[in-house]
Amino acid sequence: MEKWENNRAWFLVLPVFVIVAFSAIIPLMTVVNYSIQDIFGPGNAVFVGMDWFKEMLTDKRLHDALGRQFIFSGLVLLIEIPLGILIALAMPKKGWKASASLVTLAIPLLIPWNVIGTIWIIFTRPDIGLFGVGINSLDLLDVPFDHTARPSYAWVTLMAMEVWHWTPLVALLCYAGLRAIPEAYYQAARIDGASSWAVFRYIQLPKMRGVLTIAVLLRWMDSFLIYAEPFALTGGGPGNSTTFLSIYLVKLATGQFDLGPAAAFSLIYFLIVLLFSFIFYQALLNVGKGEKSV
């Protein structure tokens with residue numbers, strides 16, 4: 001009887017699971033249906049089997065977009081994770097300064113994603129933007145800065161925008177991990193005469209391993225699914241230099257209206273995200289087991 005009472009709470013969340021399952025499965029089945037048919041119009045479709053999947057897997061534009069996506073997500077992790085750790089280590093530990101730092105740090109996370117792109121468009125414009133006008137006035141570049149004209153400038157602007165927007169999330173997670181470390185560890189380190197690097201290497205970093213894994217998981221998946229910011233900032237250009245998987249999918253589905261190939265590609269996209277989610281989830285479990293064993 002006691003076990004039944006303890007499990008009764010699951011019935012309270014059962015409607016949520018039903019609604020989520022219904023809202024997720026129905027669109028997914030629609031996409032699966034489109035991915036195996038050639039749609040000519042309402043009620044006019046021809047079964048093509050796996051043809052769209054074969055076409056997408058051999059599509060050079062998809063391969064290029066996938067390569068750009070991996071490079072972008074890899075750069076995001078290489079920059080944001082160390083930078084977030086450094087910011088968390090530099091933040092005050094208590095008092096009003098800690099509260100003010102947390103609130104200030106969280107401001108970029110409160111801005112809608114599409115607004116982020118608009119802010120950075122204005123900020124980097126070479127004619128009126130504070131950054132664009134400022135960098136061009138210094139005459140440090142061979143070619144005037146304009147992220148709409150050169151792929152390298154577009155990538156620099158996009159990376160700067162992404163780091164500014166999401167590094168606070170990593171810093172907040174790391175800060176929470178640091179504040180969860182018992183003071184006894186620091187007292188023992190001071191007694192042993194440990195240096196600041198030794199404290200970080202053997203106390204702080206191992207204890208942050210769990211939150212760092214979560215940060216890596218969240219930032220990798222979110223950067224791999226990025227759409228609103230680069231679409232608002234560059235529209236995938238100049239050329240196709242910032243056309244990531246999500247932008248290519250939208251262009252394929254709404255621009256060219258190729259519903260069959262777009263549906264097949266969206267399922268491939270989904271499987272890629274699912275695969276990496278599983279890998280990071282397993283890494284998170286292994287980290288948790290390692291910390292418990294310690």
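Is Glu80 buried or exposed? At 0% relative accessibility, Glu80 counts as buried. The legends below start from the whole chain and then move to single views, among them one of this residue. The model shown is predicted.

**Figure 1. The whole chain is built from 14 helices and two strands.** The C-alpha atoms fill a box of roughly 75 × 75 × 30 Å, taken along the principal axes. The chain has 294 residues, of which 37% count as buried. Among contacts with a separation of 6 or more, 67% join residues that are 24 or more positions apart. The views that follow show parts of this chain.

**Figure 2. Glu80 and Arg219 form a salt bridge.** The closest N and O atoms of the two residues are 2.7 Å apart. Glu80 lies in helix H4 and Arg219 in helix H11 (residues 209–224), so this salt bridge ties together parts that are 139 residues apart in sequence. Glu80 counts as buried because its relative accessibility is 0%, and Arg219 counts as buried at 1%. The structure holds seven salt bridges, and this pair is one of them.

**Figure 3. Arg219 also meets Glu162 in a salt bridge.** Here the distance from N to O is 2.4 Å. Arg219 is in helix H11 and Glu162 is in helix H8 (residues 151–179), so the pair links parts that are 57 residues apart in sequence. Both Arg219 and Glu162 are buried. Salt bridges that share partners join Glu80, Glu162, Arg219 and Asp222 into one network.

**Figure 4. Asp127 and Arg125 are joined by a salt bridge between partly exposed residues.** Their side chains meet at 2.5 Å, N to O. Asp127 has a relative accessible area of 48% and is therefore partly exposed. Arg125 is likewise partly exposed, at 34% relative accessibility.

**Figure 5. Helix H4 (residues 60–90) packs against helix H13 (residues 245–255).** The axes of the two helices come within 8 Å and cross at roughly 150°. H4 and H13 are therefore roughly antiparallel to each other, because angles over 145 degrees count as roughly antiparallel. From H4, the residues in the contact are Arg61, Leu62, Ala65, Leu66 and Gln69. From H13, they are Leu245, Ser246 and Tyr248. By type, the residues of this contact divide into five nonpolar, two polar and one charged.

**Figure 6. Helix H13 has buried residues, and Phe257 follows just after the helix.** The buried residues of H13 are Leu245, Ser246, Ile247, Tyr248, Leu249, Leu252 and Ala253. Leu245, Ser246 and Tyr248 also take part in the contact with H4. Just after H13, Phe257 takes a positive phi of about 55°.

**Figure 7. Helix H9 (residues 183–192) packs against helix H10 (residues 196–207).** The angle between them is about 170°, and their axes are 11 Å apart. H9 and H10 are therefore roughly antiparallel to each other. Tyr185, Tyr186 and Ala189 of H9 meet Val199, Ile203, Gln204 and Lys207 of H10. The residues of this contact divide into five nonpolar, one polar and one charged.

**Figure 8. The largest nonpolar core has 46 residues.** Which residues have the most contacts inside this core? They are Met56, Ile81, Ile85, Cys174, Met208, Phe224 and Phe265. Helix H14 (residues 259–293) gives the largest share of the core, nine residues. Apart from this core lies another, of 11 residues, which include Trp155, Met161, Ile226 and Phe244.

**Figure 9. Cys174 is shown with the residues that it touches.** Not counting residues up to four places away in sequence, Cys174 touches Gly84, Ile85, Ala88, Met208, Val211 and Leu212. Ile85 and Met208 are, like Cys174, among the residues with the most contacts inside the largest core.

**Figure 10. Leu274 lies in helix H14.** With a relative accessible area of 46%, Leu274 is partly exposed. The C-alpha atoms of Leu274 and Met221 are separated by 9.4 Å. Along the chain, Leu274 and Met221 are 53 residues apart.

Conventions:
Residues numbered from 1 in each chain as written. Predicted model: local features only at pLDDT ≥ 70, side-chain atom pairs only at ≥ 80, totals over all residues. Heavy atoms only, no water. Axes fitted to C-alpha atoms, helices over the stretch in contact; angles between N-to-C directions. Helix = DSSP H or I, 4+ residues; strand = E, 2+ residues; numbered from the N terminus. Parallel < 35°, antiparallel > 145°, perpendicular 65-115°, else oblique. Contact = heavy atoms within 4.5 Å. Nonpolar A, V, L, I, M, F, W, Y, C, P; charged D, E, K, R; others polar. Salt bridge = Lys/Arg side-chain N within 4 Å of Asp/Glu carboxyl O. Buried < 20%, exposed > 50% of the residue type's maximum accessible area, 1.4 Å probe, protein only. Core = buried A, V, L, I, M, F, W, Y, C linked by side-chain atoms within 4.5 Å.
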